[in-house]
Amino acid sequence: MSQLMSNATLTDVGPPTNAPSHHSPLPEFPDVIYLDPMFPKSKNSALVKKNIKFLQNILPPNDAKDAELIRVALRSCRRRVVVKRPIGAACLGNLKTTNFVKSNRYRFDIYTPKSFKL
């Protein structure tokens, strides 16, 4: 979805409105939405790069916005939402995942819209 988001809230997001009219009458929702939010601050002593530290200072974690983000994503896709998270982090918005895939350093939480009543 390529919508310009100036002064918009997450609830303003919806299906793209620029779809040609000769397509199917169904809304043009994507099949999959991939979210890669900034990871929460970790407890380890490794230094964070300057540009990331700057972002973490001006954009503190906001659990309410995370919950809103995942709900908007679930309402805006057809099949699934995939969220990249650190292995030990809580699920985004504290929503229980439908499934997940673990790698050595990350976890990919998978949510299906049909599993949630939003």
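This passage describes the sheet and the main nonpolar core of a predicted model.

The sheet is an open one, built from four strands in the order 1-2-4-3 with mixed pairing. Strand 1 (32–35) and strand 3 (99–102) occupy the edges; each has a single partner strand, so one side of each lacks a neighbour in the sheet. On average, neighbouring strands here are turned by 20 degrees against each other, direction ignored. As general background, strands of a sheet pair through backbone hydrogen bonds, in either a parallel or an antiparallel manner.

Both kinds of pairing can be followed from strand 2, which spans residues 80–86. Strand 1 and strand 2 run parallel and are joined by four bridges, with R80 of strand 2 serving as the bridge partner of V32. Strand 2 and strand 4 (residues 106–111) run antiparallel, and six bridges join them. A handy landmark for this second pairing is V81, which stands opposite Y111 of strand 4. Strand 2 is also mostly covered, as six of its seven residues are buried.

The nonpolar core comes next. In soluble globular proteins, nonpolar side chains tend to be buried together. In this model the largest nonpolar core has 12 residues in all: I33, L35, I70, A73, L74, C77, V81, V83, L92, L95, Y111 and F116. Strand 1, helix 2 (63–75) and strand 2 are the elements that give two or more residues to this core. Helix 2 gives the most, with three residues. The facing residues V81 and Y111 are both members of this core, a convenient place to look at sheet and core together.

Methods:
Residues are numbered from 1 along each chain as its sequence is written. This is a predicted model: local features need pLDDT of at least 70, side-chain atom pairs count only at pLDDT 80 or more; totals for chains, interfaces and linings use all residues. Side-chain values use heavy atoms; hydrogens and water are left out. Two strands pair if DSSP finds at least two bridges between them. Axes are lines fitted to C-alpha atoms, for helices over the stretch in contact, and angles run from 0 to 180 degrees between N-to-C directions. A nonpolar core is a set of buried Ala, Val, Leu, Ile, Met, Phe, Trp, Tyr and Cys residues joined through side-chain atoms within 4.5 Å. Buried means under 20% relative accessible area, exposed over 50%, partly exposed in between (1.4 Å probe, protein chains only).
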